[in-house]
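Visitor: Hey, could you walk me through this one? I'd like to start with the metal and then get to the charged pairs.

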Amino acid sequence: MSRKARAAICRELNKPIVVEEISVEPPKRGEVTVKLRACGVCHSDLSATNGTLAMQLPLILGHEAAGEVVELGEGVTSLKEGDHVVSSFIYMCGECRFCVVGRPVLCIEQGKAVTTLPDGSVRTRDAKGNPLNIFSGCGVMAEYATMHVDNLVKIDPKIPFDRAALVGCAVTTGVGAVFNTAKVVPGSTVAVFGCGGVGLNVIQGARIAGADRIIAIDTLESKVEMGRKFGATDVLTVKPGEDPTKALKKMTGGGPDYAFECVGSGELAAIAYKAIRRGGLAVVVGVAKPGDSTSVRTMTLPFEEKTLTGSYFGSCVPRIDFPRMLSLYLGGKLKLDELITRRYSINEAPQAFADLESGKNARGVILFQ
Ligand SMILES: NC(=O)c1ccc[n+]([C@@H]2O[C@H](COP(=O)([O-])OP(=O)(O)OC[C@H]3O[C@@H](n4cnc5c(N)ncnc54)[C@H](O)[C@@H]3O)[C@@H](O)[C@H]2O)c1
Ligand SMILES: [Zn+2]
Ligand SMILES: [Zn+2]
């Protein structure tokens with residue numbers, strides 16, 4: 001049966017998002033319908049509303065959610081009705097060389113499910129019956145979503161939905177960038193540019209990895225103070241466009257071992273690379289506009305053996321990393337409760353986006369009844 005659901009939709013670029021009643025069709029083969037219970041608001045959702053991420057409109061937003069399985073399509077055996085699940089926004093074909101070696105974030109078929117299900121169609125329609133695209137095979141900022149089974153990971157039902165949702169992006173992206181991409185070693189020095197939902201998780205990942213010094217950098221003082229709560233030992237409040245390289249070199253006696261760019265700017269990526277010490281590693285996590293680029297002083301590559309790399313979804317394998325993050329939470333090592341600054345109803349979704357843009361929240365989360 002088709003279900004009615006309220007959903008947060010981007011219809012026009014650079015306009016406030018709208019909340020509409022949509023219909024969600026039942027699952028086809030290999031698909032699952034989920035009743036969503038909580039969905040985090042990520043900067044990447046905002047980026048889809050302003051063209052930084054070019055996605056086909058109209059678009060149902062949301063890629064960081066948790067909910068309950070309510071209907072299974074033909075052939076789905078790994079989940080059952082009532083299971084608690086978290087969304088995963090990467091499509092994994094399971095067969096390409098990257099999937100096979102355990103790097104599904106690089107799946108060559110990724111492009112198949114950018115704004116649709118993997119088969120190129122959608123199960124979502126507006127009140128007039130017109131199809132609605134979905135963010136990264138998800139579109140989970142809605143009361144119901146029909147998704148491919150590979151975009152869902154079963155979780156322990158003990159974990160509250162709003163906390164679990166955050167593992168669907170911010171937590172896995174940030175902590176995964178530290179654990180999987182950079183493989184930060186104990187005793188090292190880490191600088192983090194941007195203390196939003198993603199940056200705060202890089203900070204707590206670095207703390208868990210045993211980093212000795214963690215420097216939180218943001219343009220907002222309130223955000224660097226949040227950084228402290230997640231494990232930053234030092235903070236730097238900068239002006240937009242300011243280059244804190246000198247301050248970082250001085251604070252660390254030559255530069256941090258690792259720097260993570262969690263804002264989405266080529267200029268900051270260049271600063272992160274410049275700031276790291278000889279042999280250091282700079283990781284770009286933020287997603288910049290398509291035309292943006294960055295530069296490195298070429299000579300520093302051979303003479304200083306520095307590395308500039310990127311991290312997509314924390315280089316994760318969702319079915320391994322989501323439960324790993326949640327067990328760190330249950331063991332008291334990973335802070336999830338503290339990440340949620342404010343909870344919103346789906347009707348308040350436009351406010352949640354405005355608050356994200358003005359930097360009010362560590363994470364804002366939309367709760368569904
Ligand atoms: N690589 C991935 O897989 C992945 C996944 C999720 C999000 N992202 C991207 O990561 C970035 C961060 O996402 P988020 O949800 O944490 O966003 P956010 O809006 O919650 O946080 C961004 C933070 O950066 C700060 N900031 C802005 N300009 C700055 C500057 N010049 N110097 C230092 N800090 C500055 C803001 O004040 C804010 O605190 C976005 O670009 C998002 O699209 C990437
Ligand atoms: Zn995200
Ligand atoms: Zn693949």
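Guide: Sure, here's a quick tour of the metal site and some salt bridges; keep in mind that the model is predicted.

Visitor: Which protein atoms are the donors of the zinc ion (ligand 2)?

Guide: The zinc ion (ligand 2) has SG of C42, NE2 of H63 and SG of C169 as its protein donors, at 2.0 to 2.3 Å.

Visitor: And what spacing do those donors follow along the chain?

Guide: The pattern is C-x20-H-x105-C. H63 and C169 sit 106 residues apart, so to speak in distant parts of the chain: H63 is in the loop between β4 (59-60) and β5 (65-72), while C169 is in the loop between α3 (161-165) and α4 (170-182).

Visitor: H63, buried or exposed?

Guide: Buried, at a relative accessible area of 1%. C169 is buried too, with 5%.

Visitor: OK, switching to charges. How many salt bridges does a search of the whole structure find?

Guide: It turns up 26 salt bridges. One of them pairs R125 with E25, with N to O at 2.9 Å.

Visitor: Where do R125 and E25 sit in the chain?

Guide: R125 belongs to strand β7 (residues 124-125), and E25 is in the loop between β2 (18-24) and β3 (31-41). That pair links distant parts of the chain, 100 residues apart.

Visitor: How accessible is each partner?

Guide: R125 is partly exposed at 29% relative accessible area, and E25 is also partly exposed, at 21%.

Visitor: What does R342 form a salt bridge with?

Guide: Its partner is D355, and the closest N and O atoms are 3.3 Å apart. R342 is in strand β17 (residues 340-344) and D355 in helix α11 (residues 349-357), so this salt bridge ties together parts 13 residues apart in sequence.

Visitor: And is D355 buried or exposed?

Guide: D355 is buried, with just a 2% relative accessible area, whereas R342 counts as partly exposed at 34%.

Visitor: Which other side chain meets D355 in a salt bridge?

Guide: K360 does, at 3.5 Å from N to O. K360 is exposed, with a relative accessible area of 52%.

Visitor: Last one: which residues do salt bridges with shared partners join into one network?

Guide: D162, R163, D337 and R343 are joined that way.

Visitor: Why would such side chains pair up at all?

Guide: In general, opposite charges on side chains can pair when the charged atoms come close.

Conventions: Residues numbered from 1 in each chain as written. Chains lettered and ligands numbered in written order. Predicted model: local features only at pLDDT ≥ 70, side-chain atom pairs only at ≥ 80, totals over all residues. Heavy atoms only, no water. Donors = N, O, S within 2.8 Å, 3.2 Å for Na, K, Ca; no water. Helix = DSSP H or I, 4+ residues; strand = E, 2+ residues; numbered from the N terminus. Buried < 20%, exposed > 50% of the residue type's maximum accessible area, 1.4 Å probe, protein only. Salt bridge = Lys/Arg side-chain N within 4 Å of Asp/Glu carboxyl O.
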